[in-house]
Amino acid sequence: MGPMAREGHLPFHGYRIYFRIVGTNNGSGRLPLLCLHGGPGASWDYFEPLERLANDGRQIVFYDQLGGGDSSVPSDPSIHTIALFLEELAEVRRTLQLDRVHLLGHSWGGMLAMEYALTQPPGLASLILGNTAASMAEWVAEMRRLVSQLPLEMQEAISRHEAEGTTDSPEYMEACREFSRRHLTRRLNPRPDCLTRMAQKPGELVYHAMWGPSEWHVTGTLRDWDVSTRLSLITVPTLLMGGRYDEATPAVMETMHRGIAGSQLFMFEHSGHVPHLEETELYLHVLGAFLERVEQPQSAT
């Protein structure tokens, strides 16, 4: 039997935010790991393998960001801003009493994690940035390069439907699926149950409001987002994790690695966008070792 899990909802601006805490703090000195999912509009479910880190006395904390998963879905998607999600993150930490904490952000969650680290919050022990980027312009440019490697008829369909505003067409959707097979979930066949569960939950409204109709066609409120010139202000120990075939390409990960002083970069050579699902054993080893190094700096040679 795995570690104990506790779940519930906490209040936020009249809405309800779902949270899940796995494991107990057994006084080992291991700090909790708080996980920020991607999307925007995804849910905690696809982080399920990370629960295994709780086996040795570390609490793993998940929550569904407003508008997705098992949290409230506001009727007005325009309320979803980085400022609101930063406030939500601070409220989760306060309510769940996460005084000192490691923060892991994946994809959009990594962007949110960087924004949060830039507010210099007290008690942030380390930052883990997975499959993410510091600049939307760089992210989109790199994804457009990957799109240019798709079959010509798919590239043509993508251009045509984006120009005509018909990105809900079956042809466009099929091109998105092929992109996903190459760069998001390349090794996952069949798809794990945790991904299927996540896909059945709400979150579309947030995704369209903040991101857009596809991964590389960013028309939402994040389209001009960029913290690349401020990365030197992030001073906590930072681990960057990327997939060799990821839409957040090695070049994008390298930008953050150069920008964040002393950061470590680990590339998963067989992964796309979700190495924690594609190369789970290695991922848990790399992440676990980093967390322990941060917590025992005096033993570093």
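Is His273 buried or exposed? Let's start there and work through this predicted model in a few exercises.

**Exercise 1. Place His273 in the fold, and decide how well it is covered.**

*Solution.* Begin with the location: His273 sits in the loop between strand 8 and helix 9 (275-278). Next, take its relative accessibility, which is 6%. Buried means under 20%, so His273 counts as buried. Finally, relate it to another residue: Leu34 is 239 residues away from His273 in sequence, and their C-alpha atoms are 20 Å apart in space.

**Exercise 2. Work out how the radius of gyration of the protein compares with the globule rule.**

*Solution.* First, get an overview of the elements: the protein has ten helices and eight strands. The radius of gyration is 19 Å, close to the 19 Å that the globule rule gives for 301 residues, so the protein is as compact as a globular protein of that length. For the outer dimensions, the C-alpha atoms fill a box of roughly 60 × 45 × 40 Å along the principal axes.

Now look at burial and contacts. Of the 301 residues, 58% are buried. If you take contacts between residues at least 6 apart in sequence, 73% of them join residues at least 24 apart.

**Exercise 3. Describe the surface and the charges of the protein.**

*Solution.* The accessible surface comes to about 13,000 Å², and carbon and sulfur atoms account for 52% of that area. Turning to charge, count 25 positive and 37 negative side chains. The centres of these two sets lie 4 Å apart.

**Exercise 4. Find which residues of helix 8 are buried, and explain why they lie on the same side.**

*Solution.* Helix 8 spans residues 250-259, and its buried residues include Val252, Met253, Thr255, Met256 and Gly259. These residues cover an arc of only 150° around the axis, which puts them on the same side of helix 8. The last step is to ask what covers them. The cover includes helix 2 (108-117) and helix 3 (136-147), and strand 6 (124-130), strand 7 (238-243) and strand 8 (264-268) also contribute.

**Exercise 5. Pick out unusual backbone geometry at His13, Asn131 and Pro40.**

*Solution.* Start from the background: most residues other than glycine have a negative phi, and most peptide bonds are trans.

- His13 has a positive phi of about 50° although it is not a glycine. His13 belongs to the loop between strand 1 (5-12) and strand 2 (15-22), and at 52% relative accessibility it counts as exposed.
- Asn131 also has a positive phi, near 50°, and is a residue other than glycine. Asn131 lies in the loop between strand 6 and helix 3, where it is buried with a relative accessible area of 1%.
- Pro40 follows a cis peptide bond from Gly39, with omega near -10°. Pro40 is placed in the loop between strand 3 (33-36) and strand 4 (60-63).

**Exercise 6. Trace the surroundings of Leu84, beginning with its helix.**

*Solution.* Leu84 is part of helix 1 (residues 82-95). With 13% relative accessibility, Leu84 counts as buried. Setting aside residues up to four places away in sequence, Leu84 touches Phe12, His13, Leu66 and Ile79. One of these, His13, is the residue with the positive phi from Exercise 5. Leu84 and His13 are 71 residues apart in sequence, and 9.8 Å separate their C-alpha atoms.

**Exercise 7. Which residues does His102 contact beyond four places in sequence?**

*Solution.* Locate His102 first: it is in strand 5 (residues 101-106). Its relative accessibility is 0%, so His102 counts as buried. Beyond its neighbours within four places, the contacts of His102 include Leu31, Pro32, Leu33 and Leu34. Further along the chain, His102 is also in contact with Arg58, Ala125, Ser126, Ile128, Leu291, Val294 and Glu295. As a check on distance, Leu31 is 71 residues from His102 along the chain, with 6.8 Å between the C-alpha atoms.

**Exercise 8. Decide whether Glu162 is buried or exposed, then list what it touches.**

*Solution.* Glu162 is a residue of helix 4 (residues 152-164). Its relative accessibility is 14%, so Glu162 counts as buried. Leaving out residues up to four places away in sequence, Glu162 touches Arg144, Thr167, Tyr172, Ser214, Trp216 and His217.

Notes. Residues numbered from 1 in each chain as written. Predicted model: local features only at pLDDT ≥ 70, side-chain atom pairs only at ≥ 80, totals over all residues. Heavy atoms only, no water. Helix = DSSP H or I, 4+ residues; strand = E, 2+ residues; numbered from the N terminus. Rg over C-alpha atoms; globule rule 2.2 N^0.38 Å. Buried < 20%, exposed > 50% of the residue type's maximum accessible area, 1.4 Å probe, protein only. Contact = heavy atoms within 4.5 Å. Areas by Shrake-Rupley, 256 points an atom, 1.4 Å probe, with all protein chains shown as cover. Lys, Arg positive; Asp, Glu negative; His and termini not counted. Charge placed at Lys NZ, Arg CZ, Asp CG, Glu CD. Arc of directions from axis to C-beta.
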